[in-house]
Amino acid sequence: MLIDALKIERNSTLDTDICIIGAGAAGIILALEFADQPFRVCVLESGGLDFAEETQSLYDGTNIGLPYFPLQTARLRYFGGTTNHWGGNCWPFQEMDFERCEWIPHSGWPFSKAVINPFYIRAFKLCQLQHYEWSPAFWSTPEEPVFPFASDVINTNVMQQVPDPAKRFGQTYRPKLVQARNITVCLHANVTELESDETGRTIRRVRVASLSGNRFLLTAKLFILATGGIENARLLLLSNKRHSAGLGNQNDMVGRFFTDHAACLGGKFQPANPTMPVKFYELHKVKDTVIAGGLRLSPDVQRRERLVPVGLDLVPVSEIYTAAWKSKGFASLKAIVNRLRGRYTPGQFGEHLMNVVRDLDNIGVAAYGRLRYGRNYPLDYINIVVVINPAPNPDSRVTLGTERDQLGQRRAQLDWRLTQMDKYSARRTIEILGMELGRAGLGRLQVIIDDDDRTWPHDLTGTFHHIGTTRMNNDPKQGVVAKNCQVHGVSNLFIAGSSVFPSAGSGTPTFLIIALALRLADHIKQRFR
Amino acid sequence: MMLTRNSRRRFIISLVGFGCLALGWPRRAWPLFIPRKQAHLLSSTSILPKLLSHTASARIVGREYLQGARHDANLSTFLESLLCIAGYDPMNHTDLEMFRQHVQIRIRRDFEQARVIKIHGWILSLTEARLCALTAFGLPQTWP
């Protein structure tokens with residue numbers, strides 16, 4: 001059932017068995033798993049079925065740390081959450097991501113990769129992907145080979161992309177959730193506080209407000225917070241009536257260890273052969289699946305060098321053709337062709353047509369490049385983008401700012417920080433890649449990232465992955481949730497999403513969010529049996 | 001065999017020329033090191049391009065290397081060892097291919113054993129950097 005908070009009687013109290021707060025990747029997968037189970041479920045979603053500026057602005061906040069995206073642009077606040085613009089990239093975390101690495105403070109999960117593997121397989125099916133295969137040998141072809149390195153110092157990994165529209169969870173799974181007899185999805189319902197009993201060990205109800213001014217309460221036996229890596233922490237910190245520091249924050253852990261995969265240009269690779277095949281490392285379709293390869297150090301080398309994991313993305317550049325293909329005119333030409341083929345493309349037809357006319361020179365260059373070289377255009381160089389999986393850092397954190405949102409709630413304040421180890425690891429990884437490329441006779445690499453580990457380049461960027469603010473650790477002094485995702489010290493409050501990851505890891509977060517949501521769903525179903 | 005001044009020059013040119021060719025770098029890599037105009041100027045006043053594809057660039061890399069390793073005592077013995085191992089006879093053209101292959105192997109081994117140097121961020125093998133260094137102090141600004 002789908003209802004709107006606007007239509008709920010003001011100041012009334014509703015009741016359910018399980019309350020899921022947030023209908024993004026984690027919330028939707030949990031609800032899907034609970035469909036037609038012998039208990040009632042209510043999903044509270046802040047937004048509606050479509051994007052709305054006013055709701056989105058509830059995400060606004062301040063940033064006092066490293067340069068970061070404006071917080072209201074870093075995620076989406078409507079049914080489906082950030083899956084509404086998710087790229088759909090899936091690659092599992094690796095064994096080493098779960099291990100405690102003695103050179104990386106606060107590293108390690110409370111369980112091994114083996115525990116999550118079965119859930120990854122289930123997540124994979126939910127994502128409607130076909131081949132649970134991550135080996136480059138399975139995906140490479142004679143036309144699109146992997147780089148022939150001379151050793152196993154550098155590993156090639158494969159990322160698979162969830163097809164459209166499967167990756168839009170709101171769109172894909174709404175019919176099933178609406179039809180489920182035990183599930184109520186309540187839109188425009190903003191949870192402003194989780195209220196506990198006198199002991200503070202059990203959540204009794206949540207306070208709900210809509211932007212139009214409606215207010216009501218929802219009681220439940222069990223609550224699951226699934227509002228994303230920043231909002232999960234914010235909501236716990238805002239729930240401070242019983243505990244002034246916030247719910248689950250008895251050890252000052254909520255909001256700490258915020259992290260995101262940090263990316264910047266790490267190097268430029270000059271191939272010895274300008275027609276070297278590099279398409280394996282770009283998005284391309286193989287076996288009916290869109291994939292792309294990436295590079296990284298082998299776990300053994302990472303251990304020997306005592307580095308944090310760093311992914312290496314390859315961005316081939318053909319100065320003339322890349323500029324032409326990225327031009328506004330060529331993009332508009334593609335949009336027009338797509339529209340003529342009956343595919344949806346954003347933007348106005350007339351505007352696209354004008355762009356084409358204005359940009360005929362670029363279109364000419366692009367067309368010539370495509371006709372003459374197809375996909376094997378001559379390379380000028382390949383940019384190597386480093387994607388750093390930063391060391392967990394307690395000083396990198398989300399707190400409550402002084403500004404308030406439209407509901408009177410204090411906004412989030414982000415202080416994103418990285419460590420010298422992160423910068424060193426990025427540079428060292430690039431250097432090792434340079435040596436391996438030289439060793440294999442593939443070409444030479446220029447390290448772009450500088451030697452000063454205390455500073456960061458201007459092109460440093462996050463990747464919209466909000467991780468770690470309610471991290472998982474069996475020790476309440478080291479984490480906010482236990483290994484079953486239950487908040488330490490609160491018997492009926494669970495957290496889903498990337499905020500429970502103890503570290504950024506080398507895999508893609510949404511894929512693990514889904515796997516962890518499935519695991520949590522199993523745990524809760526067991527509890528209600 | 002004693003080398004005359006001229007034959008010595010020719011010898012060094014050959015060495016660096018084939019050494020640089022042995023690096024297997026594409027032409028388009030070199031202009032990254034130096035401004036295009038400067039390369040063109042040097043090229044037009046020199047006979048070197050006939051023998052060396054990228055003498056000017058090699059020289060710049062070589063100078064950078066020498067600045068960072070002023071007291072590189074190995075440089076003088078480097079040349080000797082390189083030739084000795086390669087068994088290179090400058091008068092025998094069939095040896096040149098063997099020599100080129102030898103340099104290639106040596107460069108790859110450098111990378112394998114982390115005998116590398118960073119010049120303007122480029123990760124170069126010590127062998128190739130030293131070959132460039134030989135160009136830097138082995139050749140006059142203009143030729144002849």
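The exercises below work through strand pairing, a helix crossing and a chain contact in a predicted model.

Residues are numbered from 1 along each chain as its sequence is written, while chains are lettered from A and ligands numbered from 1 in the order in which they are written. Because the model is predicted, local features need pLDDT of at least 70 and side-chain atom pairs count only at pLDDT 80 or more, whereas totals for chains, interfaces and linings use all residues.

**Exercise 1.** Describe the surroundings of strand β10 (residues 203–209) of chain A.

*Solution.* Begin with the terms: helices (H or I, at least four residues) and strands (E, at least two) are DSSP runs numbered from the N terminus, and two strands pair if DSSP finds at least two bridges between them. On one hand, β10(A) is joined by 6 bridges to the antiparallel strand β9 (residues 190–196) of chain A, and here Glu195(A) stands opposite Arg205(A). These two strands form a hairpin with 6 residues between them, and Gly200(A) in its turn has a positive phi of about 80°. Next, β10(A) pairs over 5 bridges, again in the antiparallel sense, with strand β11 (residues 215–219) of chain A, where Leu218(A) is the bridge partner of Val206(A). Finally, 5 of the 7 residues of β10(A) are buried (20 or more other C-beta atoms, placed from the backbone, within 10 Å of the residue's own), so the strand is largely enclosed by the rest of the structure.

**Exercise 2.** Explain how helix α1 (residues 25–34) of chain A meets helix α14 (residues 509–528) of chain A.

*Solution.* First consider the axes, which are lines fitted to C-alpha atoms over the stretch in contact, with angles from 0 to 180 degrees between N-to-C directions. The two axes come within 9 Å and cross at roughly 35°. Then look at the residues in contact (C-beta atoms, placed from the backbone, within 7 Å): among them are Ile29(A) and Leu30(A) of α1(A) and Ile513(A) and Leu518(A) of α14(A). Counting Ala, Val, Leu, Ile, Met, Phe, Trp, Tyr, Cys and Pro as nonpolar, Asp, Glu, Lys and Arg as charged, and the others, Gly among them, as polar, the residues of this contact divide into 11 nonpolar, 1 polar and 1 charged.

**Exercise 3.** Which helix supplies the largest share of the side of chain A that touches chain B?

*Solution.* Start with the totals: 15 residues of chain A are in contact with 16 residues of chain B. Both α13 (420–439) and β20 (443–447) of chain A supply at least two residues of this side, and the largest share, 5 residues, comes from α13(A).

Notes: Buried ≥ 20, exposed ≤ 12 C-beta atoms within 10 Å, placed from the backbone. Contact = placed C-beta atoms within 7 Å.
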